[in-house]
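Here is a short report for a reader new to this structure. Look at the model, then read on section by section.

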Amino acid sequence: MKRLRDISIRSKLILVILSTSGLALAIGSAAVISYDIAAYKRSMVKELAAQAGIIAANSSAALAFDDYQSARDTLAALENETRVHEAYLLSPDGKVFAAFQRAGRTGAGPVPDLGARDHAFIGDHLVVKRPIVLDGELLGYVVISAGLDELHQRIHSYVRTVAVVSLSALLLVALLAAWMQRLVSGPVLKLAETAQQVAREKRYDIRAEKLGDDEVGMLVDRFNAMLAEIEDRDARLARHRDELEEQVQIRTAELRRATERLQESEARLRAIVEGTSSTTGAEFFDALTRTLSRTLGMRWVMVAEVLDEGRRARAKALWNGSEIVRGLVYDVPGTPCARTLEEGLCVYEDGLMEAFPEDPMAQAWGVRSYAGHVLTDSNGRRIGLLVAFHDGPLPLAARDMSLLRVFASRASVELERLAVEEELFKSEARTRAILESAADGIITTSAAGTIETFNQAAEQLFGVTASEAVGRPIAEFLRWPAKDSAAGETEPGAVDLRELLGGRHELEGVRADGSVFPMNIAVSEMLAGGHRAYTAIVRDITRERELDQMKSDFISTVSHEIRTPLAAIISSAKILLKNGENKPHVTPKFAGIIVEEGRRLTRLINDLLDLSKLDAGKIDWTVREADAAALIEHVASVVRGQAAERGIALNVEVEPDLPPVFIDSDRIVQVLTNLVGNALKFTEAGGRIDIRAARHGDGKVIVQVADTGIGIAPEDQEKIFERFKQIGNVLTDRPQGTGLGLPICKEIVQYHGGKIWVESELGKGSTFSFTIPAAHGATATDAANGSGEAKVPAAVQAQSEQQAKQGPKILVVDDDAATRQVIRYLLEDEGFRVLEASCGEDALEMARVEDPALITLDVMMPGVSGWDVLRALREDAALAKIPVLLVSVLAGRQHSEHALKLGANAVLSKPIDETELLLTVRRLLGDGEHDVLVIDPDLAESAMLKTKLARHGYSVVQAFDVRTGLEFARRYQPDLIILGPERGSTSAKQFVRELREDAVTAEVPLLLLLDESPERFDAVFFAAGDTEGAARGPVDELLARVARRCRPAPPARAERPVEAAG
């Protein structure tokens, strides 16, 4: 193919014409020869079939009569047909009956098998087969085989003729092609000559001659157009070359001027660098703004830090043309500074006031031009702005932004450095404050154990100042306990901090005065700057060991106090079981022992429960006006019989016209009973006990219990008010009681705002005194007539009243019998009728039969669980509206939410809190009462308010600080909260905010009692929720507000779920 590509176009054209013509002649000749062969074959088949038909007709009789000779003679007639080489007469089963073979042919081969065909070309023969039929009966077949020699001769003759004709035709075509190719190759060769001339002479004004309008003519036109375009471009290039030379001269002049400006900029830059290079911090920003203002020709230049995520900016330094201004804070939105923060760079050459009509600073100062660059820290965070603005058009020097970019980068670094420095300072201050405020001693040392820092707690712990301790070995202040040293573990003073890594250890600390104390130490290792150091945290555990000893003593005492009465009870019970019927005279004696020891156990358990409730803040206080004289007389009447039995005189002395007091009567009776009981316990026969009450200072009443008993040593007079603390060795002296009575008395008195103390002398007796608040403006007569319920403990009076009621029916469902008994007792004590069910099946059956007003339901029951019972209740149309109170050991918000979703109306956790149970039951039953939570730090005001509200049918819960009040609000979900005035409003504001943010208390109405008019109070209190303010005023007006503010009581069967605390 490569040789064909390289030959001339003339030769290519002739070769194409000859190839095409030769191929056409060959195809035509082959078609003619093929057609003649096919026609000859059809003719031969037709002729041979006719001969076979004649033979078949003539041989039918011979076959019918089995005449072989006649059949052979019939076949012999084919001798004249030179094309026939062989012929056969076959029986119907294919056997040869007679045969014919042309003379000179070799022995006949097998009879050709045509199958179902009537003729076929086999090899160089044509074989024809015809049936022999006589009267419809097949007698056999005739088969004739003829040679194809004539066909072969005919083909050879045709091929010779075609070859002669084709060669003649190709010779004529070659001559004609050699003459006609010039029509195509002539113009092309002419065009090639012209192209060679253009290339050789580099002349683009030469044009090729066009000889026709055919494709070659179009090629000539395109070639000539190309030459014209090249000629035009050459001319333009020459012109551009001339213009370029002129431009080079112009650019050279401009470069010279730019160099001069660059030198000027370098001079300005050098002036700014010289003015700021030796300064940092505020001095740097001052120098930068002054120098940049002078260099750029701008009146004002400012460096500012971004505040509030870009909403405000504060000037670190602002040069106003005459002085530096710092601390200017302005709003960024609506100013060019906002665009600078967004885009990074912002320039206004003129018209700034028109572009930012809402920018107060631009309008006030008459700013017309502006250039600003954002300041970013190393993380790309936008931290400030470097801006310059002018009261005229932007000066030429300020239009070069390179100076602004350079010093924006420098200002960014300095601003970030100051921020990091300030954060480091704050961090150091925080660390220093933590170290100095830490309750534990914190000491850092070098790797060698030399003290480097010594905090204030360590100073107090070891009795040395930090300046005295720093630089000394820490081993001077530590040593192993004596038992460890004796065991040979290490010598005293040889403490190595590396041995203390990875845990807490108990060592002995050595103070400056040489005294030793037990201490707990934890040591950690730290690496800073490639140097190793240690931090030791030390704590004096003297008090902890004392507490451990107190706990051991308490456990020993309580064990004794429980086992002793239990032993007496069990022994007495056994005696009664054995001899009660036979010896009835012993029953009163031992039954009395059981009762007395049972009471002793009850007192012990009550003390423990009171202490637990005091710690948890779960004691329900009922503070109201009471007559102190009546309470004292009540206590005296209770113990007077015991005193007489022991031969002890009991006297009561009450100051005349003693004012009423605001107290929880039950709790103060508890205090008095405890003090008088202790006096009886430690006073011998013939002694004396005095109970006195009198006015004490401003608004207080003092109550004293004096005895002539054994007395208390001075060093023990403070200890007896400490928890679990008893005088004497608990293993040898066996003091009576648990050591909890006086600590509980102290908690109760302090709750009332009073104090309790003892004055005693060994062998001469003791006087216990405590103070309680007096009710201002009231008399003893008023208290006796108006609130006589204070004369008797309120719990006793309330119990008798509740037992008289016939309350609603409540079904208690729990598989634990003890739990059912506790709930039954608490509910029946309030006047409710109680039914019990121990399993889910019984609960559903009793609910259908008894139709209770409320169901308390345990969750974890065998068989049908509480969840299953709850679902069944809600799916039963007859039971669906019964309120269900879920009481379970499962706790937590997730459990409560799940229960409420299933249809529970409230959820309480075990162990059961009596107050929560009763409040929740009353709420679900909708008994018509309104629950009011009073939060007032003024004890007297709170008690007075509770008394008035209770008389008008409200159920009141008290709290004396907002934190407790918030907890009570979440726990009890009252119908109204009354918040008294706070001495500082911060905690009250926080209370209102948290109250409204909590979904449980968000809708509880709130009434604020204010010392001044609500119009003058902070509006934050009234911004959200159902909140109203009221100044303190007449009680009737307050009650009217309470009645109006209380949200309606729930319906008889609550349809909204209520989650109780716990």
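## The second largest pocket

The second largest pocket is lined by 19 residues. Nearest its centre lie Glu305, Arg381, Ile383, Leu415 and Ala419. This is a predicted model. Four elements each give two or more residues to the lining of this pocket: strand 6 (300-307), strand 7 (312-319), strand 12 (382-390) and helix 12 (401-437). Helix 12 supplies the largest share, seven residues.

What is the volume of the second largest pocket? The value is about 430 Å³. Sorted by class, the lining of the second largest pocket holds ten charged residues, seven nonpolar ones and two polar ones.

## A loop between two lining strands

Strand 6 and strand 7 both give residues to the pocket lining. Asp308 sits in the loop between strand 6 and strand 7. The phi angle of Asp308 is near 55°, a positive value in a residue other than glycine. Asp308 counts as partly exposed because its relative accessibility is 37%, and that class runs from 20% to 50%.

## Helix 4 and its buried side

Now turn to another part of the chain. Helix 4 spans residues 68-76. Which residues of helix 4 are buried? They are Ala71, Thr74 and Leu75. These residues cover an arc of only 95° around the axis, so they lie on the same side of helix 4. A general rule of geometry is useful here. An α-helix has 3.6 residues a turn, so residues three or four places apart point the same way.

What do the buried residues of helix 4 pack against? Their partners are helix 2 (9-58), helix 3 (60-64), strand 1 (84-90) and strand 2 (96-101).

## Thr74 up close

Thr74 belongs to helix 4. Thr74 counts as buried because its relative accessibility is 12%, and the cut-off for buried is under 20%. Leaving out residues up to four places away in sequence, Thr74 touches Ile55, Asn58 and Ser59.

Asn58 also appears in a C-alpha distance. Thr74 and Asn58 are 16 residues apart along the chain. Their C-alpha atoms are separated by 6.8 Å.

## The start of helix 4

Asp67 caps the N-terminal end of helix 4. A side-chain oxygen of Asp67 lies 3.4 Å from the backbone nitrogen of Gln69.

Asp66 is in the loop between helix 3 and helix 4. Is Asp66 buried or exposed? Asp66 is exposed, because its relative accessible area is 57% and exposed means over 50%. The phi angle of Asp66 is near 60°. That is a positive value in a residue other than glycine.

## A buried aspartate in helix 2

Helix 2 is one of the elements that the buried residues of helix 4 pack against. Asp36 has its place in helix 2. Asp36 counts as buried because its relative accessibility is 13%. Which residues does Asp36 contact, leaving aside neighbours within four places in sequence? Asp36 is in contact with Arg154 and Tyr158.

## The whole chain

Finally, step back to the full protein chain. The chain has 31 helices and 35 strands. Of its 1062 residues, 42% count as buried. Consider contacts between residues at least 6 apart in sequence: 60% of them join residues at least 24 apart.

Key
Residues numbered from 1 in each chain as written. Predicted model: local features only at pLDDT ≥ 70, side-chain atom pairs only at ≥ 80, totals over all residues. Heavy atoms only, no water. 1 Å grid on protein atoms, 1.4 Å probe; cavity = no way out; pocket = protein on both sides within 12 Å on 5 of 7 lines; lining within 4 Å. Points joined across faces, edges and corners; volume = space filled by probe spheres on them. Nonpolar A, V, L, I, M, F, W, Y, C, P; charged D, E, K, R; others polar. Buried < 20%, exposed > 50% of the residue type's maximum accessible area, 1.4 Å probe, protein only. Arc of directions from axis to C-beta. Contact = heavy atoms within 4.5 Å. Polar contact = N/O pair within 3.5 Å; in protein donor to acceptor, adjacent residues only side chain to side chain.
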